[in-house]
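Subject: Model for you to look at

Hello,

Here is the structure I promised to pass on. My notes follow below it.

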Amino acid sequence: MEPMMPPFRIARLPSIEFGAGTRAMLPALARRFGQRALLVTGGASLLDGPFWPELARGFAEAGVSLGECRIAGEPAPGLVDDSVRAWRDAGIEVVIAIGGGSALDAGKAIAGLLPGGGSVLDYLEGVGPELPYRGPALPLIAVPTTAGTGSEATKNAVLSVQGPDGYKKSFRDEQLVAAVAVVDPDFLVTCPPAVIAGNGMDALTQLLEAYISARANPLCDALALDGLRRVRDGLLPLARDPGDAAARANMAYAALLSGMVLAQTGLGSVHGLASPLGALFPIPHGVVCGTLVAAATRVNVQALRERDPAHPALAKYAQLGRLLSAVHHGPDHAETPAEDDAAAADTLVALLEDWTERLALPRLGALGVTRADHARIVAGSRGSSMKTNPIVLSDAEIGAILGARQ
């Protein structure tokens with residue numbers, strides 16, 4: 001007999017347009033919200049890339065005028081506040097964020113603040129007065145050009161201040177969720193292999209951590225498993241050849257699902273560590289996830305075996321070991337190795353370690369982290385993501401994750 005289904009809540013999600021070529025819908029979608037749009041992009045990759053001429057023509061033909069705001073690197077609170085001041089009186093009716101997670105997160109924060117002004121520091125968790133956000137936010141159209149963060153489907157605007165006193169914190173509210181997410185896998189054609197690797201491992205980590213989260217639920221479990229199948233079949237082929245259309249679609253879809261599930265269930269120890277690492281060092285978020293996920297999975301599995309061997313997360317880790325190591329035979333089925341749960345969980349750890357090496361994810365030492373930094377990183381790791389890890393890890397266990405990848 002199946003156990004009683006636990007109660008759960010699914011928070012707001014955007015309207016979603018998915019598929020190759022859906023970028024062509026952007027001008028008409030924007031025009032539904034108004035004639036004056038603020039385009040938030042990352043650096044110069046979009047405006048200098050192959051898709052911008054057709055988009056620019058489309059916006060002009062639709063009668064949508066664009067202001068431009070470029071986000072180079074991870075967005076800082078000061079950059080958001082400066083952008084809001086610059087565009088506060090420009091009559092902006094819709095924000096269009098096109099880029100990686102940084103551009104999308106900045107777009108959410110800017111859309112949230114343009115109507116009322118003020119500083120994002122008023123709302124940033126664990127930084128300022130943490131005032132309740134009243135809104136309203138401007139409508140946001142979120143268009144990811146990478147496959148990793150899933151930011152197009154979440155309410156989180158993650159902002160960073162880097163350095164010894166740095167932090168990585170979220171401005172989050174359901175009013176910040178995009179009105180529309182346009183997910184066009186064709187944008188991945190222009191992604192360098194290192195970006196594909198880091199972002200792909202970020203999506204994998206988010207799906208994995210949402211699946212074994214203390215707040216997991218049956219609906220999100222089904223989405224996470226489907227996303228992980230797509231990662232299994234898409235990540236390594238896409239890293240080898242961005243021209244692989246099937247791999248692009250698989251990874252764009254997996255990244256979207258990763259954002260959908262993390263928004264509902266929370267994450268785990270990898271993202272707990274990603275917060276201080278991203279604040280203290282100029283390390284891309286996906287690289288942090290990719291280099292730590294195997295070690296974190298090993299430590300979690302060992303801690304569960306030692307202290308809570310009946311915990312349902314152990315069976316889930318085993319299921320992931322079978323799923324990700326399955327030999328794929330087509331879109332609808334795969335040959336699943338017959339292993340007991342302990343062996344299957346060990347298979348998962350070994351597979352994640354293998355992917356980390358095959359995708360050339362750098363060790364922490366190569367990223368500027370020393371063993372002397374570990375205590376400070378561990379101390380900063382116990383934020384919201386660590387609270388949904390399936391088991392409470394000791395400082396020594398968290399340190400062991402770092403040590404395994406130093």
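The buried residues of helix H11 (residues 341–358) pack against four helices: H5 (193–211), H6 (218–240), H9 (285–307) and H10 (312–324). Contact here means heavy atoms within 4.5 Å. Buried means under 20% relative accessible area, exposed over 50%, and partly exposed in between (1.4 Å probe, protein chains only). Helices (H or I, at least four residues) and strands (E, at least two) are DSSP runs, numbered from the N terminus.

Two points on the source. This is a predicted model: local features need pLDDT of at least 70, side-chain atom pairs count only at pLDDT 80 or more, and totals for chains, interfaces and linings use all residues. Residues are numbered from 1 along each chain as its sequence is written, and side-chain values use heavy atoms, with hydrogens and water left out.

More on H11. Its buried residues include Ala344, Leu348, Leu351, Leu352 and Trp355. The expected span of a helix is 1.5 Å times one less than its number of residues. For the 18 residues of H11 that gives 26 Å, and the end C-alpha atoms are 25 Å apart, which agrees. At the start of H11, a side-chain oxygen of Asp340 comes within 3.3 Å of the backbone nitrogen of Ala342. That is a polar contact: a pair of N or O atoms within 3.5 Å; within protein, one must be able to donate a hydrogen and the other to accept it, and residues adjacent in sequence count only if both atoms are side-chain atoms. Just after H11, Ala360 has a positive phi of about 60°.

Helix H8 (residues 269–280) is mostly covered, with 11 of its 12 residues buried. Among them are His271, Leu273, Pro276 and Leu277. The cover includes strands S6 (156–161) and S7 (167–172), plus H5, H9, H12 (374–379) and H13 (395–404). H8 reaches 17 Å from its first C-alpha to its last, close to the 16 Å expected.

Now the sheet. It is open, has six strands in the order S1-S8-S5-S4-S2-S3, and its pairing is parallel. Strands S1 (15–18) and S3 (65–71) are the edges, each pairing on one side only. The twist averages 20° from one strand to the next. Two strands pair if DSSP finds at least two bridges between them. Two bridges join S5 (residues 140–144) to S8 (residues 180–183). Ile141 has Val180 as its bridge partner in S8.

Helix H4 (residues 101–113) packs on the sheet, touching S2 (36–42), S3, S4 (94–99) and S5, and its direction makes about 165° with that of S4. Helix H7 (residues 245–265) lies across S1 and S8, at about 170° to S1. Axes are lines fitted to C-alpha atoms, for helices over the stretch in contact, and angles run from 0 to 180 degrees between N-to-C directions.

One residue to look at is Asn217, in the loop between H5 and H6. Is Asn217 buried or exposed? Asn217 is buried, with a relative accessible area of 3%. Not counting residues up to four places away in sequence, Asn217 touches Phe8, Ile10 and Thr265. Phe8 is 209 residues from Asn217 in sequence, but 6.5 Å away C-alpha to C-alpha. The Asn217 side chain has a polar atom 3.1 Å from the backbone nitrogen of Leu219. The side chain of Asn217 also reaches the backbone nitrogen of Cys220, at 2.8 Å.

Best wishes
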